[in-house]
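Please look over the chains shown here before reading on. The notes below take them from the overall fold down to single residues.

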Number of protein chains: 2
Amino acid sequence: MDKFEEKTLSSETIYEGKVISLRLEEVELPDGNRAKRELIQHPGAVALIPITNDGKIILVKQYRKSLNRSLIEIPAGRIEIGEDPKITALRELEEETGYGARKVTYIQSFATSPGFANEIIHLYLAEILYEVENPAAGDEDEFIELLEATIDEAEQMVATGEIYDAKTAFAVIYAKHQLK
Amino acid sequence: MDKFEEKTLSSETIYEGKVISLRLEEVELPDGNRAKRELIQHPGAVALIPITNDGKIILVKQYRKSLNRSLIEIPAGRIEIGEDPKITALRELEEETGYGARKVTYIQSFATSPGFANEIIHLYLAEILYEVENPAAGDEDEFIELLEATIDEAEQMVATGEIYDAKTAFAVIYAKHQLK
């Protein structure tokens, strides 16, 4: 049992969309008082660190309407219902970069915005890459530019703020210090 | 100009809450087609790496209703309207840990969930800590347990998944490798 558990007293679905849904809950706090929680449900996602055979990291640049700007990120995407996250990782790698990987290793998982959302990202390392002959197309509403950077260049992009995405910043520092 | 910019054609506010709001937008894609975007607005937050005078990192454990479990995180909190993020950082440090800091250094900022939300976290380093005599109380619906860990212990907690929060994982690896 969680010492500070918040028991749900009532739950109301405000919106159910293609990517996210929004629920309002009234909860009972550990001291018996009540509070409201605004909760976003998200299906979860994978992200991966694709390392080319000459040791570079592949990054994708894409427009993020949430921020009205482009971000440089590691490849990532939502898990389809029932999909094994490792399969999601391979699918997203192919769709976003045109590469396949002979070795995919689970690194770890994280909550991205636990203050209001249940999104979890499962992070993988993708190695021994090869070009897929006719790669599966990605989402038709997704426009992507590919970049390759050495780990040191990517680390520099984190330090300068050119990489402005939490999962990517973690991935780059992880690649720098935890991969040999 | 952003090459892949998505122009907003229409925008509808579905929900405006205490913490977040939800907007649906129809956008024009770079190829002239249209797509829908589900967008969460969030006021932005700060997070901080508080380093005690004997070199430990202070962590907070709190229940996250979004995930129906407790998470171990670095201290963090939402920016009040008009508030300087450095002030937010000091306020949250005091409310969540009872400490003040004589030295607060900006590290960097990140988008946490750019696929659907505009939340940005500004990360600070807090050093030369002292106990505040009568610390300001935090939010009345927030129940927090304090932990202290050496940087190596915290790094181990990231590796084992005991730390399951993206900003905290980044902060710990950053503290391990970028602070001397």
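What follows is a short report on the fold, the chain contact, two helices and a few single residues.

## Overall fold

This is a predicted model. Chain A holds three helices and 10 strands. Along the sequence, the order in chain A is β-β-β-β-β-β-β-α-β-β-β-α-α. Taken along the principal axes, the C-alpha atoms of chain A fill a box of roughly 60 × 35 × 35 Å. Of the 180 residues in chain A, 39% are buried. Contacts also reach along the sequence. Among those in chain A that join residues at least 6 apart, 56% link residues at least 24 apart.

## Where the chains meet

How many residues does each chain bring to the contact? Chain A gives 55 residues and chain B gives 55 residues. On the side of chain A that touches chain B, at least two residues each come from strand 1 (7–16), strand 2 (21–28), strand 3 (34–41), strand 5, strand 6 (69–73), strand 8 and helix 3. Helix 3 of chain A supplies the largest share of that side, with seven residues. By class, the side of chain A that touches chain B has 28 nonpolar, 12 polar and 15 charged residues.

The helix 3 pair deserves its own look. Helix 3 (residues 166–178) of chain A packs against helix 3 (residues 166–178) of chain B at an angle of about 35°. Their axes are 9 Å apart. The crossing of helix 3 of chain A with helix 3 of chain B is left-handed. From chain A, the residues in this contact are Ala166(A), Lys167(A), Ala169(A), Phe170(A), Ile173(A), Tyr174(A) and His177(A). They meet Ala166(B), Lys167(B), Ala169(B), Phe170(B), Ile173(B), Tyr174(B) and His177(B) in helix 3 of chain B. The residues of this helix contact divide into 10 nonpolar, two polar and two charged.

His177(B) sits in helix 3 of chain B. Is His177(B) buried, exposed or partly exposed? His177(B) counts as partly exposed, because it has 15 C-beta neighbours inside 10 Å; a buried residue needs 20 or more, an exposed one 12 or fewer. Leaving aside neighbours within four places in sequence, His177(B) is in contact with Ile173(A) and His177(A). In its own chain, His177(B) is 26 residues from Ile151(B) in sequence, and their C-alpha atoms are 9.8 Å apart.

## Helix 1 of chain A

Helix 1 (residues 85–97) of chain A has 13 residues. At 1.5 Å a residue it should span 18 Å, and its end C-alpha atoms are 18 Å apart, which agrees. Its buried residues are Thr88(A), Ala89(A), Glu92(A), Leu93(A), Glu96(A) and Thr97(A). These cover an arc of only 135° around the axis, so they lie on the same side of helix 1 of chain A.

What do the buried residues of helix 1 of chain A pack against? They pack against strand 4 (45–50), strand 5 (56–64), strand 7 (76–78), strand 8 (99–111), strand 9 (120–131) and strand 10 (144–150) of chain A.

## Helix 2 of chain B

In helix 2 (residues 151–160) of chain B, the buried residues are Ala154(B), Glu155(B) and Val158(B). Seen down the axis, they fall within an arc of 105°, so they line one face of helix 2 of chain B. The face turned away from this buried side carries the exposed residues Asp152(B) and Thr160(B). The buried residues of helix 2 of chain B pack against strand 5 (56–64), strand 10 (144–150) and helix 3 of chain B.

## Positive phi values

Most residues other than glycine have a negative phi. The table lists residues with a positive value.

| Residue | Phi | Place |
|---|---|---|
| Gly98(A) | near 80° | follows helix 1 of chain A |
| Gly161(B) | about 90° | just after helix 2 of chain B |
| Ile128(A) | near 55° | strand 9 of chain A |
| Ile128(B) | about 50° | strand 9 (residues 120–131) of chain B |

Ile128(A) is not a glycine, yet its phi is positive. Ile128(B) is likewise a residue other than glycine with a positive phi. Why does Ile128(A) count as exposed? Ile128(A) is exposed because 12 other C-beta atoms lie within 10 Å, and the cut-off for exposed is 12 or fewer. Ile128(B) also counts as exposed, with 12 C-beta neighbours inside 10 Å.

Notes. Residues numbered from 1 in each chain as written. Chains lettered and ligands numbered in written order. Predicted model: local features only at pLDDT ≥ 70, side-chain atom pairs only at ≥ 80, totals over all residues. Helix = DSSP H or I, 4+ residues; strand = E, 2+ residues; numbered from the N terminus. Expected span 1.5 Å × (residues − 1). Arc of directions from axis to C-beta. Contact = placed C-beta atoms within 7 Å. Axes fitted to C-alpha atoms, helices over the stretch in contact; angles between N-to-C directions. Left-handed = near helix turned anticlockwise from the far one by under 90°. Nonpolar A, V, L, I, M, F, W, Y, C, P; charged D, E, K, R; others polar.
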